[in-house]
Amino acid sequence: MPLVATKLNTQPARHQVAEKIRESILDGSLVPGERLVERKLAETLGTSQSAIREALIQLELEGHVSKKPNSATFVTHLSQRELENTISVSRALEGFAAEEAARLATPADIQRLEELFQLSQAAARARDFQKYIRGDLGWHIAMWESTHNDCLVECLRRVVVPLFGFSAIRVAMQPGFNLTNDLQFHRVLLDAIVAGEPEKAKRAFQAAMKDWAEQPLHLYSAESEQALAP
């Protein structure tokens, strides 16, 4: 398990552990279906098993990890059906969030979105896939938060963040994936939010989602076919 063995600071250990594991899932260091052993995690991070246990409970609530009937904990792995369902829900909820952001985003919200867009653009130019994915997720969360609807934000965190952990880095690392093209979809969406045009923002998101969603589903199908091959 290639979890970075950086010792924790004086913040509450469970939050730091959760952040370390979350980052490792999002950057692909911890892969879907990988088992997480509390004792090994505690040794790696130099903390107690109780802090690990509390962090895993938090991550389970977020959808990043799941517990099996025998109490073993694994990085969330989605079946093809679960992936399709998650993408469908994400499309509906985040499309609504795009509309609401165009209606309700404040100047401070828009400035934050612009700053995060610039960071993603720099990562795309450097072809830093892991940094781009983390920045992309940060941009999406900022867009949700610009709706000022806490219920919507929490629903999207539950649905979309694990989707990033499961598929985003795997998609981005595929040959031919164009970070600049992906970023352009964000630019069109951001421009619609800045202009305060909800319908245009929704259409921009749906176009971006259609382009992106085809890729993890195609990747999943290809992996399934390879696994079944003699």
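These are my notebook entries on the sheet, a helix pair, the salt bridges and two loop residues of a predicted model.

**Entry 1: the sheet**

I started with the strands. Three of them make an open sheet, ordered 1-3-2, and the pairing is antiparallel. Strand 1 (35-36) and strand 2 (65-67) are at the edges with a single partner strand each, so each has one side without a neighbour in the sheet. A reminder to myself: strands of a sheet pair through backbone hydrogen bonds, either parallel or antiparallel.

Next I looked at how strand 2 pairs with strand 3 (residues 73-75). I found three bridges, in the antiparallel sense. Which residue stands opposite serine 66 in strand 3? I looked it up, and the answer is phenylalanine 74.

Then I checked what lies across the sheet strands. Helix 3 (residues 49-62) lies across strand 1, strand 2 and strand 3. Against strand 2, helix 3 runs at about 105°.

**Entry 2: helix 4 against helix 8**

I moved on to helix 4 (residues 80-104) and helix 8 (residues 179-195). Their axes come within 6 Å and cross at roughly 40°. Helix 4 and helix 8 are therefore oblique to each other; I noted that the roughly parallel class takes angles under 35 degrees.

Which residues meet here? From helix 4 I listed Ala98, Ala101 and Ala102; from helix 8, Leu189, Ala192 and Ile193. I sorted the residues of this contact by type and got six nonpolar, no polar and no charged.

**Entry 3: salt bridges**

I looked up the total for the structure, which is 11 salt bridges. I went through some of them by hand.

The pair in helix 2 (residues 38-45) came up early in my list. Glutamate 43 and arginine 39 meet through their side chains, 3.6 Å from N to O. Both sit in helix 2, four residues apart, about one turn of the helix. Are these two buried or exposed? Glutamate 43 counts as exposed because its relative accessibility is 54%, and the cut-off for exposed is over 50%. Arginine 39, at 42%, counts as partly exposed.

Glutamate 145 took up more of my page. One salt bridge joins glutamate 145 to arginine 112, with the closest N and O atoms 2.6 Å apart. This pair links distant parts of the chain: arginine 112 is in helix 5 (residues 107-125) and glutamate 145 in helix 6 (residues 129-145), 33 residues apart. Glutamate 145 also forms a salt bridge with arginine 157, where the closest N and O atoms are 3.2 Å apart. Arginine 157 lies in helix 7 (residues 150-172), so this pair ties together parts that are 12 residues apart in sequence.

I wrote down accessibility for these residues too. Glutamate 145 is partly exposed at 28% relative accessible area. Arginine 112 counts as partly exposed at 38%, and arginine 157 is partly exposed at 31%.

I also found a network of salt bridges, which links Glu99, Glu100, Arg103 and Lys202.

**Entry 4: positive phi in two loops**

Last, I looked at backbone angles. Arginine 127 has a positive phi of about 55° although it is not a glycine. I placed arginine 127 in the loop between helix 5 and helix 6. Where does histidine 148 lie? Histidine 148 is in the loop between helix 6 and helix 7. Its phi is positive as well, about 60°, and histidine 148 is not a glycine.

Key. Residues numbered from 1 in each chain as written. Predicted model: local features only at pLDDT ≥ 70, side-chain atom pairs only at ≥ 80, totals over all residues. Heavy atoms only, no water. Axes fitted to C-alpha atoms, helices over the stretch in contact; angles between N-to-C directions. Parallel < 35°, antiparallel > 145°, perpendicular 65-115°, else oblique. Contact = heavy atoms within 4.5 Å. Nonpolar A, V, L, I, M, F, W, Y, C, P; charged D, E, K, R; others polar. Pairing = 2+ DSSP bridges. Salt bridge = Lys/Arg side-chain N within 4 Å of Asp/Glu carboxyl O. Buried < 20%, exposed > 50% of the residue type's maximum accessible area, 1.4 Å probe, protein only.
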